[in-house]
Amino acid sequence: MQWHWDVIPRNFKYFMLGQYPDGPMGGLLLTMVMSVLVILMCFVLGIVFGLMRYSKNKYWRFPAIGYIEFIRGTPVLMVIFWCYFMLPKLIPVLQGRTRFEWTSALVALVAFYGAQMAEVVRAGLESIGRGQTEAALSSGLTYVQVIRYIIMPQGLKNMIPAIVGTFISVIKDTSLVYIIGVAEFTRTVFQVNNRVLNAPMELFLFAAVVYFVPCYMLSKLSIRLEKRLAAGVKVEI
Amino acid sequence: MSFDWSIFTVHEFRYSRWLVEGLWITLKISAISMVFAMVLGTIFGIGRLSRSRIIRWISAPYIEFFRNTPLVIQLFFWYFGADFLFHFLMYLAGHLGFISPAISHYVVGKIDGIRLYYNRGESEFISGIVGLSVYTSAFIAEIVRAGIQSIPTGQLEAARSTGLSTTQALRYIILPQAFRIIVPPLITQFLNLTKNSSQAMAIGVMELTYMARQVEAYTFRGFEAFTAATIIYLILSLIISFTLNWYDKHTSIENMAKKKEREYSKLQEALG
């Protein structure tokens with residue numbers, strides 16, 4: 001029975017930055033950069049599709065329903081593989097290149113979480129109630145103005161805890177893109193595990209703890225936000 | 001863009017058969033994991049509300065830890081690291097005096113034998129089941145807890161004061177009502193589990209995603225292989241959600257009440 005904890009300090013820089021100063025960015029830094037990029041981009045996508053889903057016009061609503069239901073019925077791994085094999089076919093520029101993993105991983109995660117976020121946005125908008133939309137419309141505002149000035153500001157407030165929850169899932173699911181060869185944190189751990197072979201438990205416990213810390217903090221934050229926002233609503237009423 | 005769908009018919013449907021085999025493993029691993037996840041989730045969900053501080057201190061970290069770490073990492077842990085963990089625990093128990101070192105040595109030896117037996121090709125399936133059930137059980141525990149908390153405490157107190165023990169009150173009063181409330185989120189969890197089982201390919205479980213990749217490796221038709229697998233997943237989740245929603249509606253309180261009423265009126269007629 002022997003522990004090999006020293007494998008972690010020995011490879012710590014690789015876990016954190018990948019080959020960064022000498023080569024491409026990787027490790028935990030890439031995981032964090034990717035999570036933030038994904039959450040920002042899928043928020044935009046989520047607002048677009050959430051508004052389409054919320055709309056009463058069926059030509060807006062049906063494409064959004066199709067997209068959301070398609071993505072929600074598919075494992076995220078499938079979406080990642082899909083983008084990995086489809087992007088080079090769709091975009092000829094990528095065809096000759098060998099390193100488009102990063103792009104396809106980003107596109108896949110944004111597409112997947114865009115659908116999740118669309119549901120979050122829709123739930124947030126529907127929590128406001130159609131009565132306000134009708135009242136605002138009858139006071140002479142246009143539909144865009146109603147969404148922009150009346151519904152969105154209130155809806156966004158209700159969405160915040162769910163958005164934080166989505167962010168947790170995004171951080172956890174960036175670990176999946178290791179499978180198409182993006183050198184983010186999970187892949188660096190996996191590589192080191194394959195190299196040293198005698199410390200799997202130490203390495204994967206370490207990886208679990210590294211993912212656990214930000215996710216746990218965010219989940220506590222979302223609970224606190226939920227309580228605080230609920231309290232805010234009570235005061236207003 | 002050129003597609004070649006003939007890969008699903010060549011070689012006497014060889015690649016289609018692979019996908020079907022993969023689907024079978026996906027179904028098997030999801031169903032088995034769901035059973036274990038339900039059991040574990042119920043135990044830890046109730047444990048989180050326990051009056052005993054020790055049980056709460058075991059349940060809460062369990063739930064938080066397994067909810068907030070990625071499934072792939074957990075699967076890798078169970079696949080690569082779990083027997084190290086087990087060895088360590090046996091070693092610790094032997095050296096702290098819980099069991100005699102000779103026994104711990106003997107058990108570890110036996111476990112090695114069992115491991116060799118399973119490593120003939122089943123160990124990834126078992127690690128997959130362990131990983132998926134533990135991961136899902138953490139989510140189910142939170143759902144069970146929320147379900148129990150949604151039943152007013154007055155009911156537990158009333159049940160206790162009519163002379164039922166806490167276990168009986170939970171078994172006959174609280175849990176039946178709580179489970180009725182938590183059926184829709186449980187359906188979502190089962191769907192998530194089916195989808196998450198695709199991640200078990202990382203440790204080599206030969207389920208649908210793994211097989212799709214296998215087809216891709218043999219034919220270089222990645223787009224077609226993954227389209228087929230995606231369609232299978234979509235159909236699978238549609239079937240599961242429709243079946244379970246139908247079951248949910250069928251067993252709703254209003255429906256049960258109507259059924260009972262009908263039976264009662266039939267009985268009345270028969271009695272004249």
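**Two all-helix chains and their shared interface**

Helix 9 of chain B makes a convenient starting point: with 29 residues at 1.5 Å a residue, this helix should span 42 Å, and its end C-alpha atoms are indeed 42 Å apart, so expectation and model agree. The model is a predicted one, and the description below should be read in that light. The buried residues of helix 9 of chain B are Gly222(B), Phe223(B), Glu224(B), Ala225(B), Phe226(B), Ala228(B), Ala229(B), Thr230(B), Tyr233(B) and Ser237(B). The cover over these buried residues includes helix 1 (10–48), helix 7 (166–196) and helix 8 (208–219) of chain B, together with helix 5 (76–90) of chain A. Just ahead of helix 9, in the loop that follows helix 8 of chain B, is Phe220(B). Phe220(B) is not a glycine, yet its phi is positive, at about 60 degrees. Most residues other than glycine have a negative phi. Phe220(B) counts as exposed because it has 12 C-beta neighbours inside 10 Å.

Chain B as a whole has ten helices and zero strands, in the order α-α-α-α-α-α-α-α-α-α along the sequence. Its C-alpha atoms fill a box of roughly 70 × 65 × 35 Å along the principal axes. The radius of gyration of chain B is 24 Å, whereas a compact globule of 272 residues would have one near 19 Å. Of these 272 residues, 35% count as buried. Among contacts in chain B between residues at least 6 apart in sequence, 75% join residues at least 24 apart.

Chain A also consists of ten helices and zero strands, and its pattern reads α-α-α-α-α-α-α-α-α-α. Its C-alpha trace spans about 70 × 50 × 30 Å along the principal axes, and 41% of its 237 residues count as buried. For contacts in chain A between residues at least 6 apart in sequence, the share joining residues at least 24 apart is 70%. The mean pLDDT of chain A is 86, with 93% of its residues at 70 or more. Among the elements of this chain, helix 3 (residues 27–54) has the highest mean pLDDT, 92, and helix 10 (residues 200–236) the lowest, 83.

The two chains meet through 32 residues of chain B and 30 residues of chain A. On the side of chain B that touches chain A, the elements giving two or more residues are helix 2 (53–67), helix 3 (71–96) and helix 9 (222–250) of chain B. Helix 3 of chain B supplies the largest share of that side, twelve residues. By class, the same side of chain B has 19 nonpolar, eleven polar and two charged residues.

Pro70(B) gives a local view of the meeting of the chains. Pro70(B) sits in the loop between helix 2 and helix 3 of chain B and, beyond its neighbours up to four places away in sequence, touches Lys172(A), Ser175(A) and Tyr211(A). This proline counts as buried, because 25 C-beta neighbours lie inside 10 Å and the threshold is 20 or more. Within its own chain, Pro70(B) is 65 residues from Tyr135(B) in sequence, with 8.9 Å between their C-alpha atoms.

The largest nonpolar core has 118 residues, and those with the most contacts inside it are Val79(A), Ile80(A), Phe204(A) and Ala207(A). Helix 6 (residues 101–126) of chain A gives the most to this core, with 14 residues. In soluble globular proteins, nonpolar side chains tend to be buried together. Setting aside residues up to four places away in sequence, Ala207(A) touches Phe185(A), Thr186(A) and Val189(A), and also Ile73(B).

Two loop residues of chain A complete the picture. Leu197(A), in the loop between helix 9 (185–196) and helix 10 of chain A, has a positive phi of about 65 degrees although it is not a glycine. Leu197(A) counts as exposed, because it has 10 C-beta neighbours inside 10 Å. Met25(A) lies in the loop between helix 2 (12–17) and helix 3 of chain A. Its 16 C-beta neighbours inside 10 Å are why Met25(A) counts as partly exposed. Beyond its neighbours within four places in sequence, Met25(A) is in contact with Gly18(A), Tyr20(A) and Leu30(A). The C-alpha atoms of Met25(A) and Ala105(A), 80 residues apart along the chain, are separated by 15 Å.

Note on methods: Residues numbered from 1 in each chain as written. Chains lettered and ligands numbered in written order. Contact = placed C-beta atoms within 7 Å. Helix = DSSP H or I, 4+ residues; strand = E, 2+ residues; numbered from the N terminus. Nonpolar A, V, L, I, M, F, W, Y, C, P; charged D, E, K, R; others polar. pLDDT = per-residue confidence, 0-100. Expected span 1.5 Å × (residues − 1). Core = buried A, V, L, I, M, F, W, Y, C linked by C-beta atoms within 7 Å. Rg over C-alpha atoms; globule rule 2.2 N^0.38 Å.
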